[in-house]
Amino acid sequence: MVSNSTFKNTFLFLVCLLVSSLIVNCRATNKKPLTKSIDTTLLVGAENTALYFDKLQNKNIGILTNQTGVIRSNKSTDNYDTSIVDFLLTNNIAVKKIYAPEHGFRGNADAGELIKDGKDIKTGLPIISLYGNSKKPSKEHLAGIDIMLFDLQDVGARFYTYISSLHYLMEACAENNISLIVLDRPNPNIDIIDGPTLEMENKSFVGMHPIPTMHGMTIGEYAQMINGEKWLNKGVQCDLTIVPITNYNRNITYALPVPPSPNLPNQKAINLYASLCFFEGTNVSSGRGTNLQFQVYGSPYLTNMPYTFTPKPNAGAKDPMHNGKLCYGENLSQETDVNKLEIKWLLKAYQNSTDKANFFNNFFIKLAGTKALKEQIIAGKTEQQIRTTWQSGLEKFKQKRNPYLIYK
């Protein structure tokens, strides 16, 4: 017969074992909740006016921004309701020109759609497109500007083109002796550093620097790395100031207040984006033309897969891949949040495709940043075998980026 003392000791031991197991499991998976409210004590760079307003006084200002450049009129709420442009003008800052990245100033253009110069209806300010005939501001574009501001929301993926626009703006500012102030914002995937490192022979606007697919840096930290590593043309360096985020660290889950682009409508799409964006270089749809963009994948050539959808034109996808055709694939919208670059869906799609000969297109190598990933998939390499080839590049990148980190 078990004594009361023995029973109590056994029960306490089991409880401790269970708690320890849960703690170890949480640390190992590094999972974070998907639906956490925005911390109202966190101030994005644009809200830290004491750190940059003095620099703007009696200066002519240009700003590269879009619909993600928003702040709260009431900082005790999580309602980001005020455009940075409107906010600056209200505070008598002399904003003279707006510069627009991919998707335009209002953020409603398709991916890859050329953006034309124009005029903002609300403010009357000229809008200069940096995703049209030119991706780098010319000397004429910057004429009359004393200081440039940058306020865009990044998502932590190498091929998300806002960091490419940052590069070209820094380069133009350096060449024209114009100071640049970056108003920093959180990276919603800041805890993920993963993927193949870009080889510079594959450099393009969807990958300009020798970094992995997911870099785990805020855009302010990334700007410091561009400068410090002398990645700008001829090694020039920009007169750069970063306005940091207050009360932010690398363990905080940040829910974006507005979609950063038309096909990233929610936190799930933002989390899965880097993993599913590889499909943009294949004959498989990543969900453009549905209401589950970057949350489903499929094609007419995956007929043995369970989920079906039919892409149709919608906001942000005027002519989606496989427009009007029945696609077979998977719905990932209920998947657990990923904490790495997932390639299992890419491998699965290739293995199940009835059209392997046309599975990859020329864009894939630009997205991957290396020819190796395509070759490994065709050769039938396992996920673990592929991941092993990334490790040396990832370790070198982590060491190289350390001096540029602002948040711990």
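How many bridges join β12 to strand β14, and do the two run parallel or antiparallel? Four bridges join them, and β12 and β14 (residues 327–331) run antiparallel. Strands here are DSSP runs of E, at least two residues long, while helices are runs of H or I with at least four, both numbered from the N terminus; two strands count as paired if DSSP finds at least two bridges between them.

A word on the model itself. This is a predicted model, so to speak of local features takes pLDDT of at least 70, and side-chain atom pairs count only at pLDDT 80 or more, although totals for chains, interfaces and linings use all residues. Residues are numbered from 1 along each chain as its sequence is written, and side-chain values use heavy atoms, with hydrogens and water left out. The mean pLDDT (the predictor's confidence in each residue, from 0 to 100) is 90 for the chain, with 88% of residues at 70 or more. Residues 1–37 have pLDDT below 50, and this stretch makes 22 contacts in the model beyond near neighbours in sequence, a contact being heavy atoms within 4.5 Å. Where pLDDT is low, predicted coordinates should not be read in detail.

Back to the sheet with β12. Its three strands come in the order β12-β14-β13, open and antiparallel. Since β12 (296–299) and β13 (307–309) each have a single partner strand, they sit at the edges, so one side of each lacks a neighbour in the sheet. The twist averages 40° from one strand to the next; axes are lines fitted to C-alpha atoms, for helices over the stretch in contact, and angles between N-to-C directions run from 0 to 180 degrees. Within the β12 and β14 pairing, S299 stands opposite Y328.

Another open sheet has seven strands, β5-β6-β4-β1-β7-β8-β11, with mixed pairing. Its edges are β5 (118–119) and β11 (240–243), each paired on one side only. Two bridges tie β5 to the antiparallel β6 (residues 126–129), and K119 has P126 as its bridge partner there. Helix α4 (residues 162–175) packs on this sheet, touching β1, β7, β8 and β11, at about 170° to β7. Helix α5 (residues 219–228) lies across β7, β8 and β11, at about 160° to β11.

The largest nonpolar core (buried Ala, Val, Leu, Ile, Met, Phe, Trp, Tyr and Cys joined through side-chain atoms within 4.5 Å; buried means under 20% relative accessible area with a 1.4 Å probe, protein chains only) has 110 residues, of which Y52, L56, L88 and F278 touch the most other members. Helix α4 gives the largest share, eight residues.

Methods
Buried < 20%, exposed > 50% of the residue type's maximum accessible area, 1.4 Å probe, protein only.
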